[in-house]
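Here is a friendly walk through one protein model and its ligands. Have the viewer open as you read along.

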Amino acid sequence: MELTSPILVSSIILISTILFLLLLQRRRTTRKQTIDGAPTLTFKDLVKNGHRFLDWTTEMLLSSPTNTITLPSTVATSNPSNIEHILKYNFSNYPKGHNITDTLHDLLGDGIFNTDGDHWKLQRKIASLQFNTKSIRSFVTNAVQIEVTTRLLPLLAAAAVSGEPIDLQDTLERFSFDNVCKVAFDVDPARLAGDAMDGGRFARAFDTAAEISTNRFRQPRFFWLLRRKLNLGEERRLKEAVRTVNEFAMKVVHDKKLKGKAGDDDLLSKFIEDDSEHSDEFLRDIIISFVLAGRDTTSSALTWFFWLVSSRPEIRRAIRDEVSAVRAKHGSEPGQELKLEELREMEYLHAALSETLRLYPPVSLEPRACLADDKLPDGTEVKKGWSVMYNSYAMGRMKSIWGEDCMEFRPERWLVNGEFQAKSPFKFPIFHAGPRTCLGKEMAYIQMKAVAASVLERWLVNGEFQAKSPFKFPIFHAGPRTCLGKEMAYIQMKAVAASVLERFELEMAPGEEKERAHGFTIVLRMNGGLPIVVKNRD
Ligand code: HEM
Ligand SMILES: *[C@@H]1O[C@H](CO)[C@@H](O)[C@H](O)[C@H]1NC(C)=O
Ligand SMILES: *[C@@H]1O[C@H](CO)[C@@H](O)[C@H](O)[C@H]1NC(C)=O
């Protein structure tokens with residue numbers, strides 16, 4: 001079992017808690033659910049399915065009439081109305097909670113990713129302001145393109161010459177770590193270049209610290225607390241790793257502050273520019289949170305993407321056609337860096353990546369703590385101190401959201417292909433609605449179209465990407481705590497996918513064509529990596 005990011009490790013706590021509670025009530029083998037018809041949970045089931053927790057809860061959620069189940073002290077749901085309630089309408093009743101934030105405090109401190117309440121609110125305000133400027137957008141694009149053209153493509157080209165299989169998942173993880181550090185504080189750990197530089201030490205310490213911090217979720221709380229107190233084993237290594245991470249980050253913060261208003265465009269410089277009174281610790285924490293949030297998520301998505309398209313030549317062709325068409329329009333040559341505008345115009349690629357995220361959400365389970373007794377829109381009771389978690393992996397597999405073909409990888413489902421999309425007449429009652437709807441509607445359109453076709457143009461969305469409600473597609477979370485890196489993630493994923501597919505053909509390494517599985521991990525990593533052989537096109 002590999003735990004690469006703590007975002008969701010807390011579900012492991014949940015399993016241990018559930019196991020424990022079930023042990024206590026072992027004689028009562030079944031538990032009555034709050035919703036009639038929802039599946040019942042037995043101790044035997046849990047033991048049998050603990051290792052495939054994600055798929056197993058998905059099966060239960062899909063067979064429950066309201067897509068919600070009650071486990072001991074825990075409510076799991078994939079019901080969009082419930083999710084909208086938890087993440088938006090009753091946001092203040094469902095924070096991350098101390099059980100999670102205390103466990104990650106040594107590494108993350110009070111950074112945006114690991115706080116609730118006013119301290120979170122302040123950081124959120126600053127960060128969303130600074131992460132949405134034009135200059136940071138071009139900084140992100142530039143950083144991504146440099147990493148793609150000077151490291152990723154040469155690495156793949158070398159693999160094409162040698163013919164040796166490489167693990168694409170590992171390569172992409174190195175890529176996204178380099179990239180997020182560059183964007184967060186203008187540091188290059190050079191992971192894709194073999195950790196050669198000073199930042200490499202930081203990168204290794206960060207990995208160690210993240211891994212040991214998340215391991216804490218797998219033990220009873222008193223156990224790691226005691227080991228921390230005695231400074232033993234893993235906890236000692238954690239302390240050392242955190243010291244390295246902090247020293248490095250503090251030095252960067254210091255140097256940046258000394259430099260003053262140099263007009264640099266990385267996130268840290270933006271925060272300092274925003275208010276030079278922020279304490280060094282405050283700046284360090286917020287930066288470390290960003291590195292954690294951005295490091296394994298996009299690499300997971302891209303790994304599943306390359307695997308999914310490896311068996312779908314027609315989808316690879318459609319992506320390449322789109323890349324060529326966009327390049328032709330902008331007068332750029334294959335192999336040149338792709339500009340932000342060009343990436344923006346790749347609607348089909350945007351759809352193919354979103355389709356990947358739908359079936360393989362990098363963050364599949366999200367737990368929240370319940371502060372006070374409450375009732376969810378579907379009638380499920382939640383008690384104070386319980387955990388409420390939503391399962392976006394299950395949501396991508398729900399016919400009620402995606403239709404009968406929800407298990408199919410079909411990017412087209414995200415596109416509206418030049419067809420007129422009528423709105424409900426109750427949202428657009430221009431011609432009245434119901435029994436007395438205007439009788440002359442059709443004639444009116446014929447007339448208007450003949451006279452002024454251009455007036456209607458904006459209703460014709462030509463192969464454009466259509467976003468889903470974030471409560472039906474909560475891959476980037478939703479509500480006030482929505483992922484701040486969503487736009488950066490798409491820029492990064494599109495740049496990598498377009499540049500790699502334009503130049504190379506990636507094939508699964510011989511003997512590795514089988515289905516790929518994911519472990520029970522926080523970020524949805526592929527078991528055994530993604531072994532591929534690289535071929536030059538043409
Ligand atoms: C495909 C890629 C990504 C996915 C699927 C994703 C998903 C998520 C999710 C589910 C959350 C909520 C986590 C929680 O509250 O426990 C989140 C939060 C966050 N993400 Fe992302 N993320 C991605 C990429 C990124 C990148 C590249 C960055 C930044 C460089 C980033 C920065 C953040 C930050 C700062 C938060 C915390 C927001 C807050 O608590 O207010 N993410 N992301
Ligand atoms: C957090 O832990 C405490 C025990 O330390 C427990 O009583 C509480 O229910 C937990 N809350 C959540 C949301 O997990
Ligand atoms: C939110 O949760 C509280 C419990 O803290 C509950 O009393 C209240 O009715 C809920 N609010 C909404 C809008 O459902």
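Contact here means that heavy atoms lie within 4.5 Å. With that in mind, residues 24 or more positions apart account for 73% of the contacts in the protein with a separation of 6 or more. Please keep in mind that this is a predicted model.

**Overall picture**

The protein has 22 helices and 11 strands. Of its 538 residues, 54% are buried. Its accessible surface comes to about 24,900 Å², and carbon and sulfur atoms own 54% of that area.

**The iron atom**

A good place to begin is ligand 1. The iron atom of this ligand has Cys483 as its only protein donor, through SG at 2.3 Å. Cys483 sits in the loop that runs between strand 9 (462–465) and helix 22 (486–503).

**Ligands 2 and 3**

Next come the surroundings of ligand 2, which are formed by Asn99, Ala369, Gly385 and Trp386. Taken alone, ligand 2 exposes 360 Å², and the protein buries 45% of that. By class, its shell holds 2 nonpolar and 2 polar residues, with no charged ones.

Around ligand 3 you will find His85, Asn90, Asn93, Ala372, Asp373 and Asp374. Ligand 3 on its own exposes 370 Å², of which the protein buries 47%. Here the shell has 1 nonpolar, 3 polar and 2 charged residues.

The table lists distances from oxygen atoms of these two ligands to N or O atoms of the protein.

| Ligand | Protein partner | Distance |
|---|---|---|
| Ligand 2 (oxygen atom) | Asn99, side-chain N or O atom | 2.5 Å |
| Ligand 2 (oxygen atom) | Gly385, backbone N or O atom | 2.8 Å |
| Ligand 3 (oxygen atom) | Asn90, polar side-chain atom | 2.4 Å |
| Ligand 3 (oxygen atom) | Asn93, polar side-chain atom | 3.2 Å |

**Two arginines**

Is Arg216 buried or exposed? Arg216 has a relative accessible area of 2%, and buried means under 20%, so Arg216 counts as buried. Arg216 is found in the loop between helix 10 (198–215) and helix 11 (221–230). Leaving aside neighbours within four places in sequence, Arg216 is in contact with Asp102, Thr103, Asp106, Trp224, Arg228, Glu235 and Leu238. One of these partners, Thr103, is 113 residues away along the chain, yet the two C-alpha atoms are separated by 7.0 Å. With Glu235, the side chain of Arg216 makes a polar contact of 2.9 Å.

The other arginine, Arg284, belongs to helix 14 (residues 280–295). Arg284 has a relative accessible area of 15%, which means that this residue is buried too, given the limit of under 20%. Not counting residues up to four places away in sequence, Arg284 touches Asn246, Ala249, Met250 and Val253.

**A glycine in a loop**

What about Gly335, buried or exposed? Its relative accessible area is 52%, and the limit for exposed is over 50%, so Gly335 is exposed. Gly335 lies in the loop between helix 16 (313–330) and helix 17 (340–344). Beyond residues up to four places away in sequence, Gly335 touches Arg327 and Glu502. Gly335 and Glu502 are 167 residues apart along the chain, and 7.9 Å separates their C-alpha atoms.

Terms used
Residues are numbered from 1 along each chain as its sequence is written. Chains are lettered from A and ligands numbered from 1 in the order in which they are written. This is a predicted model: local features need pLDDT of at least 70, side-chain atom pairs count only at pLDDT 80 or more; totals for chains, interfaces and linings use all residues. Side-chain values use heavy atoms; hydrogens and water are left out. Donors are N, O and S atoms within 2.8 Å of the metal (3.2 Å for Na, K and Ca); water is not among the atoms, so sites may look incomplete. Helices (H or I, at least four residues) and strands (E, at least two) are DSSP runs, numbered from the N terminus. A residue is near a molecule or strand if one of its heavy atoms lies within 4 Å of it. A polar contact is a pair of N or O atoms within 3.5 Å; within protein, one must be able to donate a hydrogen and the other to accept it, and residues adjacent in sequence count only if both atoms are side-chain atoms. Accessible areas come from the Shrake-Rupley method with a 1.4 Å probe; for residues, only the protein chains shown count as cover. Ala, Val, Leu, Ile, Met, Phe, Trp, Tyr, Cys and Pro count as nonpolar, Asp, Glu, Lys and Arg as charged, and the others, Gly among them, as polar. Buried means under 20% relative accessible area, exposed over 50%, partly exposed in between (1.4 Å probe, protein chains only).
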